[in-house]
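Could you show me around this model, one selection at a time? I have it open in a viewer and would like to know what to pick next and what is there.

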Amino acid sequence: MSELRTDPRSPWADEDATVPPDSWGRGTGPKHTLPWGFALVVVLLVVGRFTLAPHLTAPALQTWATIFVAICVQALPFLVFGVALSAAITAFVPASFWTRALPRHPAAAVPVAGMAGAVLPGCECASVPVASGLMARGVPPAAALAFLLASPAINPIVLVATAVAFPGQPLMVVSRFGASLAVAVLVGWLWLRFGRSEWLPIPSRPHGDGPKWARFGEAMRHDLLHAGGFLIVGGLAAATLNVMVPREWLAALAEVPWLAVVVMALLAVLLSICSEADAFVAASMTAFSPTAKLAFLVVGPMVDLKLIALQAGTFGRAFALRFVPLTFVLAVLVSVLFGWLLL
């Protein structure tokens, strides 16, 4: 049997014991930080429950949240489609294909690229990464910009949706197709004539030496992460402005014909509705003239808040500051002309 030690300096009462004394491994003084911290969290939760909850359930905030989520959810599938198509172009389509598919003269390539938008379904969110991929593969920037503007406005899905939203009004479909294509081609030609290379740097693309599917995945991740953030920024701005604009103002402005066109064009920018659904919104605004509705349909797929954010993030701020006003002014003027001729 072992001998018990009575030395007070020893922390053990018995050197063979397996249970340490109560003071082993503990601090010298009591600490009450954890209980007080927990109590503070509880107090903050209770205070927040009674002070912030009424504001979080306010109708305006709920409307804002609904609009923001709707914009993002509505645009995300088409953004993913555009990113996938752009990545496929980068990985699987050789650069020499575009030199054979498009006319060699850039001025002739612009309308051909614009007409190509009629066969590729997608909204404005998809057109930006696709146009970026086209530029990276050697397509002239003016032609890629014409495709960027035409694709979300004249593709078959948009035209069918417009015909459904405006039953018995085939001229609205014709006007939308003609005005949108005209704007896309005019903007491409003007950019070809007056644009500068420093305003539109060719976007860099990830280039890998591995298998094509690996390059496809790398390019898709690159574009999706890059464009997704700007989509969220545009959605936040669109939802905020949508809630802040009173509906009564729109009814009063619709009574002035020329002002109604400008208002509908600005409304298309602010609402940022996907091109596959904007025709139903335009048809519901019965107080406005057909020409004003046409301006809404032409401007929306080419200039809206989320699209501006995507363009600025993809091509740079210098490009967006010049391209957006040019497109907006031409879209309004061409819409008025087609509305006067056909509607």
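A term to carry along first: a crossing is right-handed if the near helix is turned clockwise from the far one by less than a right angle, and left-handed if the turn is anticlockwise. Please also keep in mind that this is a predicted model.

**The whole chain**

Start with everything in cartoon. You will find 16 helices and 0 strands. Of the 343 residues in the chain, 42% are buried. Among contacts with a separation of 6 or more, 80% join residues 24 or more positions apart.

**Stop 1: α9 and α16**

Select residues 170-194, helix α9, together with residues 317-342, helix α16. Their axes come within 9 Å and cross at roughly 145°. Turn the view until one helix lies in front of the other, and you can check that α9 passes α16 in a right-handed crossing.

Now show side chains. On the α9 side, the residues that meet α16 include Leu171, Val174, Gly178, Ala182, Leu186 and Trp191. Their partners in α16 include Phe319, Arg322, Phe323, Leu326, Leu330 and Phe338. Colour this contact by class and you get 17 nonpolar, 3 polar and 1 charged residues.

As you look along the two helices, one general point helps: an α-helix has 3.6 residues a turn, so residues three or four places apart point the same way.

**Stop 2: Ser335, within α16**

Stay on α16 and pick Ser335, which is found in this helix. Is Ser335 buried or exposed? At 0% relative accessibility, Ser335 counts as buried, because the cut-off for buried is under 20%. Leaving out residues up to four places away in sequence, Ser335 touches Thr291, Leu294, Ala295 and Val298.

**Stop 3: α9 and α14**

Keep α9 and add helix α14, residues 290-299. This pair packs at an angle of about 50°, with the axes 10 Å apart. The two helices are therefore oblique to each other. Here, too, you can look at handedness: the crossing of α9 and α14 is right-handed.

For the side chains, select Met172, Ser175, Arg176, Ala179, Ser180 and Val183 in α9, which meet Pro290, Leu294, Leu297 and Val298 in α14. By class, the contact of α9 with α14 divides into 7 nonpolar, 2 polar and 1 charged residues. Leu294 and Val298 may look familiar, as Ser335 touches them as well.

**Stop 4: α8 and α9**

Hide α14 and bring in helix α8, residues 156-165. What is the angle between α8 and α9? They pack at about 150°, with axes 9 Å apart. Angles over 145 degrees count as roughly antiparallel, so α8 and α9 are roughly antiparallel to each other. Their crossing is right-handed.

Zoom in on Val158, Leu159, Thr162 and Ala163 in α8; these meet Met172, Val173, Arg176 and Phe177 in α9. The contact of α8 with α9 has 6 nonpolar, 1 polar and 1 charged residues.

**Stop 5: α12 and Met264**

Next, select residues 257-271, helix α12. It has 15 residues and reaches 21 Å from its first C-alpha to its last, close to the 21 Å expected at 1.5 Å a residue. Its buried residues include Ala260, Val261, Val263, Leu267 and Leu271. Just after α12, look at the backbone of Ser272, where phi is positive at about 55°.

Met264 is the residue to centre on in α12. With a relative accessible area of 0%, Met264 is buried. Apart from neighbours within four places in sequence, Met264 is in contact with Met285, Phe288, Ala292, Lys293 and Phe296. Measure from Met264 to Phe296, C-alpha to C-alpha, and you should read 5.2 Å, although the two are 32 residues apart along the chain.

**Stop 6: α15**

Move on to residues 305-315, helix α15, which is mostly covered: 9 of its 11 residues are buried. Among them are Leu305, Lys306, Gln311, Gly313 and Phe315. Gly316 follows α15, and its phi is positive, near 105°.

**Stop 7: Ala84 in α3**

Finish in helix α3, residues 59-92, where Ala84 is found. Ala84 counts as partly exposed, at 23% relative accessibility. Ala84 touches Phe216 and Met220, not counting residues up to four places away in sequence. For a last distance, join the C-alpha atoms of Ala84 and Gly217: they lie 133 residues apart along the chain and are separated by 8.8 Å.

Note on methods
Residues numbered from 1 in each chain as written. Predicted model: local features only at pLDDT ≥ 70, side-chain atom pairs only at ≥ 80, totals over all residues. Heavy atoms only, no water. Axes fitted to C-alpha atoms, helices over the stretch in contact; angles between N-to-C directions. Helix = DSSP H or I, 4+ residues; strand = E, 2+ residues; numbered from the N terminus. Contact = heavy atoms within 4.5 Å. Nonpolar A, V, L, I, M, F, W, Y, C, P; charged D, E, K, R; others polar. Parallel < 35°, antiparallel > 145°, perpendicular 65-115°, else oblique. Buried < 20%, exposed > 50% of the residue type's maximum accessible area, 1.4 Å probe, protein only. Expected span 1.5 Å × (residues − 1).
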